[in-house]
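Here are my notes on this one, jotted down as I went through it. Have a look at the model first, then see if you agree with the points below.

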Amino acid sequence: MTWLVNNPSEFAKEMVAGFVSANAEIVRQVPGGVVRNTQSQPDTVAVVIGGGSGHYPAFAGLVGQGLAHGAAMGNLFASPSAQQICSVARAANNGAGVLLAFGNYAGDVLHFGLARERLIAEGIPCELIAVTDDITSASSAEMEKRRGVAGDLIVFKAAAAAAEQGYSLDDVLAIAREANARTRTLGVAFSGCTLPGAEEPLFTVPEGCMGFGMGIHGEPGIRDVAVPSADALAEMLVEHLLNELPAGVTAEGARVGAIVNGLGSVKYEELFVLWHSIQQRLLTQGIILADVQVGEFVTSFNMAGLSLTLTWFTPQLETLWMAPAYSP
């Protein structure tokens with residue numbers, strides 16, 4: 001359930017107001033979302049991200065120096081409108097064009113696509129990328145149909161770091177595409193999330209089971225399986241992700257960025273236990289762990305679940321990932 005609610009229909013609006021006032025040194029509110037409240041370099045690309053609310057720190061929490069320039073925010077689990085996206089993009093524009101970046105969901109694809117057309121018509125160069133890192137949502141033969149989940153963070157960060165360094169819009173887009181192509185995620189859910197005002201969760205998982213491959217809105221996974229030990233879950237996650245290596249990548253000797261992402265209700269202590277098991281299995285494969293992040297990055301309101309993301313770095317992507325950033 002959701003405990004702290006006034007009027008459920010006002011929840012997202014009140015959340016944004018509270019978020020902005022608590023982080024006023026980093027972000028400011030504009031119609032449709034938030035933008036940086038810090039100075040950006042003139043004549044550089046602006047990276048504008050977005051999607052539904054309820055995934056904090058995605059998307060507003062990823063706005064700040066070295067990360068996104070702005071975030072368009074829809075209602076809970078609902079895409080922002082083209083009007084909201086355009087409003088944020090105009091406010092974030094630094095004069096060298098805008099890259100719109102978002103997870104690959106039908107509403108987001110439609111609205112960000114419409115926003116791109118409007119911005120171009122207004123004379124603002126604009127490109128877009130839909131993140132597609134969730135390996136269970138479509139086969140490797142149809143990767144363009146896959147969902148965007150915690151891999152959002154990798155794509156957003158690489159693109160934003162490139163923009164910060166003065167790359168052109170075409171080059172920022174190319175880097176975002178490469179980051180997306182080299183990132184894979186697999187998630188599980190132990191129970192559904194309950195949105196403000198709702199009597200029941202969006203979905204349920206049978207008692208003692210987990211949804212293997214579950215999406216961040218409760219989209220179906222591969223199957224329901226009995227909840228395993230942390231060691232057994234680590235084995236399952238690593239095995240499936242290593243069967244999905246990007247083209248031209250060999251696991252042994254590869255430099256990898258790993259993200260263990262909590263989806264809302266799994267304790268950090270549990271995530272650390274799981275990571276301990278995952279790390280051992282990755283090192284056994286000869287993988288070099290260039291960076292590790294354990295925490296909540298792309299959540300699903302109060303869903304009990306988690307995901308593992310692996311990004312297979314190139315030297316350039318690793319440098320961009322490790323570049324300084326400061327956001328809520």
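1. A bit of vocabulary before anything else: contact, or touching, means heavy atoms within 4.5 Å. This is a predicted model, so to speak: local features need pLDDT of at least 70, side-chain atom pairs count only at pLDDT 80 or more, and totals for chains, interfaces and linings use all residues. Residues are numbered from 1 along each chain as its sequence is written, and side-chain values use heavy atoms, with hydrogens and water left out.

2. Let's start with T311. Leaving out residues up to four places away in sequence, T311 touches I154, R182, T183, R255, V256 and G257. T311 sits in strand 12 (residues 304-312); strands are DSSP runs of E, at least two residues, and helices are runs of H or I, at least four, numbered from the N terminus. Is T311 buried or exposed? T311 is buried, with a relative accessible area of 1%, where buried means under 20%, exposed over 50% and partly exposed in between (1.4 Å probe, protein chains only). L202 lies 109 residues from T311 along the chain, and their C-alpha atoms are 30 Å apart.

3. On the overall build, the chain has eight helices and 12 strands. The radius of gyration is 19 Å, which agrees with the value near 20 Å for a compact globule of 328 residues; it is taken over C-alpha atoms, and the globule rule is 2.2 Å times the number of residues to the power 0.38. Buried residues account for 56% of the 328. Of the contacts between residues at least 6 apart in sequence, 73% join residues at least 24 apart.

4. Now the inside. The largest nonpolar core (buried Ala, Val, Leu, Ile, Met, Phe, Trp, Tyr and Cys joined through side-chain atoms within 4.5 Å) has 62 residues, and V34, I49, L99, F156 and V172 touch the most other members. Elements supplying at least two residues each include strand 3 (46-53), strand 5 (98-103) and helix 5 (169-181). Helix 4 gives the largest share, 10 residues. A second, separate core of 31 residues includes I135, M236, V260 and L306.

5. L99 deserves a click. Leaving aside neighbours within four places in sequence, its contacts include V47, L128, I129, A159, V172 and A176.

6. Lastly, charge. The chain carries 17 positive and 32 negative side chains, with the centres of the two sets 5 Å apart. Lys and Arg count as positive, Asp and Glu as negative, while His and the chain ends are not counted; each charge is placed at NZ of Lys, CZ of Arg, CG of Asp or CD of Glu.
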